[in-house]
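Subject: the structure I promised you

Hi,

Here is the structure I said I would pass on. Have a look at it first, and then read my notes below.

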Protein chains: 2
Amino acid sequence: MPADPLSAKFSALADPTRRAILARLCEGEATVNDLAEPFDMSLPAVSKHLKVLEKAGLISRGREAQWRPARLEPMGLKGVADWLEHYRRYWDASFDRLDAYLKQIQKGDPDGREH
Amino acid sequence: MPADPLSAKFSALADPTRRAILARLCEGEATVNDLAEPFDMSLPAVSKHLKVLEKAGLISRGREAQWRPARLEPMGLKGVADWLEHYRRYWDASFDRLDAYLKQIQKGDPDGREH
DNA sequence: GTCCTATTTAACCAAGCGGTTGACAGCGGC
DNA sequence: GCCGCTGTCAACCGCTTGGTTAAATAGGAC
């Protein structure tokens, strides 16, 4: 893990291929070949993606004969979730306002003149 | 917003400077000069960071005379939170196991032989 | 108009990223 | 030992990123 784990995690997640790999790993362990199968991409490319995910602490890898299965690292995303949690109140509040507005419309007050 | 909003958001968040800017904007609107003040960085650099955040839908900007104040876009992070939510059960489960293990230790069963 | 402040644009640069191909290493089967 | 499979390493390439400086734009004050 680098000096700034949070940046590493966000950066790792900023790629659709890597997010798809994570989604696939929710179903259980997988080899590099398994993971590469859905993508139009060479094996070394997938291997690099796995290394990024591993360095970010989002997956871990085992060794069974010539296979190096990858698995989800369950606590990996917790740091991201904790960071996000500080901001939850902003979109919650915003959603509440939107919700109130929609209820106002239903009452036949589309301009929100009531407030 | 680009073709892949989620990637744009994660990518925008993968920079400590930009996360610090978001944190600062929690306290309210701020001008580019305000935002640049804590950083050892030129103004155009901050301006670029703001553009990244804006394109990711995490902030929006106004126009008041020659100032272009930035403010938090409340719903901006919701997409990220929704994506993360799918994975919550993984770290929750992991935490529960850790919790159970700690309780086991307290009971004087450090090797977890009970299970 | 002229000056001052706030901010963006343009051009540039070094470093990193995402991909490729080709060679190499680990391991089981024969 | 040798083949075949799985995976990584190394070198390379084009594009993006995060920063710089210098010049341009926008708007208020005078």
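Before the contacts, one term: a polar contact is a pair of N or O atoms within 3.5 Å; within protein, one atom must be able to donate a hydrogen and the other to accept it, and residues adjacent in sequence count only if both atoms are side-chain atoms. With that in hand, a phosphate oxygen of DNA strand D is 3.2 Å from an N or O atom in the side chain of B:Arg18.

Some housekeeping. This is a predicted model, where local features need pLDDT of at least 70 and side-chain atom pairs count only at pLDDT 80 or more, while totals for chains, interfaces and linings use all residues. Residues are numbered from 1 along each chain as its sequence is written, chains are lettered from A and ligands numbered from 1 in the order in which they are written, and side-chain values use heavy atoms, with hydrogens and water left out.

**DNA strand D**

B:Arg18 has company on this strand. The side chain of B:Ser42 has an N or O atom 2.5 Å from a phosphate oxygen of DNA strand D, and for a polar side-chain atom of B:His49 the distance to a phosphate oxygen of the strand is 2.2 Å. Two or more residues each come from α3 (32-36) and α4 (43-55) of chain A and from α4 (43-55) of chain B. (Helices here are DSSP runs of H or I with at least four residues, strands are runs of E with at least two, and both are numbered from the N terminus.)

How many residues surround DNA strand D? There are 21, and the closest are A:Asn33, A:Ser47, B:Ser42, B:Lys48 and B:His49; a residue is near a strand if one of its heavy atoms lies within 4 Å of it. Of the atoms of DNA strand D that come within 4 Å of the protein, 76% belong to sugar and phosphate. The surface near the strand splits by class into seven nonpolar, seven polar and seven charged residues. For these classes, Ala, Val, Leu, Ile, Met, Phe, Trp, Tyr, Cys and Pro count as nonpolar, Asp, Glu, Lys and Arg as charged, and the others, Gly among them, as polar.

**DNA strand C**

On to the other strand. DNA strand C has 21 residues around it, with A:Ser42, A:Lys48, A:His49, B:Ser47 and B:Arg61 coming nearest. Sugar and phosphate make up 69% of the strand C atoms within 4 Å of the protein. Phosphate oxygens of DNA strand C lie 3.1 Å from a side-chain N or O atom of A:Arg18, 2.8 Å from a polar side-chain atom of B:Asn33, and 2.8 Å from a side-chain N or O atom of B:Lys51. Here α4 of chain A, along with α3 (32-36) and α4 of chain B, are the elements giving two or more residues. By class, the surface near DNA strand C has seven nonpolar, seven polar and seven charged residues.

**Where the chains meet**

Helix α5 (residues 78-85) of chain A and helix α5 (residues 78-85) of chain B have axes that come within 11 Å and cross at roughly 140 degrees. Axes are lines fitted to C-alpha atoms, for helices over the stretch in contact, and angles run from 0 to 180 degrees between N-to-C directions. In this pair, A:Val80, A:Ala81 and A:Leu84 meet B:Val80, B:Ala81 and B:Leu84, contact meaning heavy atoms within 4.5 Å. The α5(A)–α5(B) contact has six nonpolar, no polar and no charged residues.

A:Ser7, in helix α1 (residues 5-13) of chain A, touches B:Ala14, B:Asp15, B:Pro16 and B:Arg19, not counting residues up to four places away in sequence. Is A:Ser7 buried or exposed? A:Ser7 is buried, because its relative accessible area is 10% (buried is under 20%, exposed over 50%, partly exposed in between, with a 1.4 Å probe and protein chains only). Its side chain also makes a polar contact of 2.4 Å with that of A:Asp4.

**Chain A itself**

Chain A has six helices and two strands, and 40% of its 115 residues are buried. At the N-terminal end of α2(A), A:Asp15 is the cap, with a side-chain oxygen 2.7 Å from the backbone nitrogen of A:Thr17.

One oddity to finish: A:Ala65 has a positive phi of about 50 degrees although it is not a glycine. A:Ala65 sits in the loop between β1 (59-61) and β2 (70-72) of chain A.

Cheers
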